Amino acid sequence: MITEASRKANKLFVMHSAKQIGKIKDDEERERQAKDLEKKAKKMGLNRADVEEILDNQGAYGEEYKIKKATEEAENMHKY
């Protein structure tokens, strides 16, 4: 059973970890650790939208991820 207090503690852990990932200079290593943190957060019971928002706000994704995500969204829009 996940209580509200444990959910907040898990969210704080993800926020702290994302901040540490954001400080990594190597883009590939940063992306790998961000993906690992996403998996860990899922096991902790956090939903994907919240985790992606936290990682983005804390700078864990970096500029390459934002460009890649925008390109994917543009391609998906053209498919309709």
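Which residues of helix α3 are buried? I started there, keeping in mind that this is a predicted model.

**Entry: helix α3**

I looked up α3, which runs over residues 48-57, and found V51, I54 and L55 as its buried residues. They cover an arc of only 95° around the axis, so they sit on the same side of α3. I then checked the other side of the helix and found A49 and N57 exposed there.

Next I asked what the buried residues of α3 pack against. The partners are α1 (4-22) and α2 (27-44).

I also looked just past the end of the helix. G59 comes just after α3 and has a positive phi of about 80°.

**Entry: helix α2**

I checked the length of α2 against expectation. At 1.5 Å a residue, its 18 residues should span 26 Å, and the end C-alpha atoms are 25 Å apart, which agrees.

I listed the buried residues of α2 as R30, A34, L37, E38, A41 and M44. They lie on the same side of α2, because the arc they cover around the axis is only 120°. On the face turned away from that buried side I noted the exposed residues E28, K39, K42 and K43.

Past α2 I found G45, with a positive phi near 100°.

**Entry: the nonpolar core**

Which members of the largest nonpolar core touch the most other members? I found V14, A18, L37 and L55, out of 13 residues in that core. I noted that α1, α2 and α3 each supply at least two residues of this core. The largest share, four residues, comes from α2. As background, nonpolar side chains in soluble globular proteins tend to be buried together.

Two of the names were already in my notes: L37 is on the buried list of α2, and L55 is on that of α3.

I followed A18 further. Leaving aside neighbours within four places in sequence, A18 is in contact with L37, I54, L55, Q58 and A60. Of these partners, I54 and L55 are among the buried residues of α3.

**Entry: R30 and I24**

R30 caught my eye as an arginine on the buried list of α2. Is R30 buried or exposed by its relative accessibility? The value is 9%, so R30 counts as buried, the cut-off being under 20%.

I then asked which backbone oxygen the side chain of R30 reaches. It is that of I24, at 3.1 Å.

I looked up I24 in turn and placed it in the loop between α1 and α2. Its relative accessibility is 21%, so I24 counts as partly exposed. Not counting residues up to four places away in sequence, I24 touches E29, R30 and Q33.

I also took the separation of I24 from V51, one of the buried residues of α3. I24 and V51 are 27 residues apart in sequence, and their C-alpha atoms are 19 Å apart in space.

**Entry: salt bridges**

How many salt bridges does the model hold? The count comes to six, with a cut-off of within 4 Å from a side-chain nitrogen of Lys or Arg to a carboxyl oxygen of Asp or Glu. As background, side chains of opposite charge can pair when their charged atoms come close.

I went to R32 in α2. Its side chain meets that of E29 in a salt bridge at 2.6 Å, N to O. R32 and E29 are three residues apart in helix α2, so about one helical turn separates them.

The side chain of R32 also meets that of D36 in a salt bridge, at 3.0 Å, N to O. R32 and D36 are four residues apart in α2, about one turn of the helix. I therefore recorded E29, R32 and D36 as linked in a network of salt bridges.

I checked how accessible the three are. R32 is partly exposed, with a relative accessible area of 42%. E29 is partly exposed at 26%, and D36 is partly exposed at 37%.

In α3 I looked up R48 and E52. Their side chains meet in a salt bridge at 3.2 Å, N to O. R48 and E52 lie four residues apart in α3, about one turn of the helix. R48 is exposed, with a relative accessible area of 53%.

Definitions and conventions: Residues are numbered from 1 along each chain as its sequence is written. This is a predicted model: local features need pLDDT of at least 70, side-chain atom pairs count only at pLDDT 80 or more; totals for chains, interfaces and linings use all residues. Side-chain values use heavy atoms; hydrogens and water are left out. Buried means under 20% relative accessible area, exposed over 50%, partly exposed in between (1.4 Å probe, protein chains only). The arc is that of the directions from the helix axis to the C-beta atoms. Contact means heavy atoms within 4.5 Å. A nonpolar core is a set of buried Ala, Val, Leu, Ile, Met, Phe, Trp, Tyr and Cys residues joined through side-chain atoms within 4.5 Å. A polar contact is a pair of N or O atoms within 3.5 Å; within protein, one must be able to donate a hydrogen and the other to accept it, and residues adjacent in sequence count only if both atoms are side-chain atoms. The expected span of a helix is 1.5 Å times one less than its number of residues.
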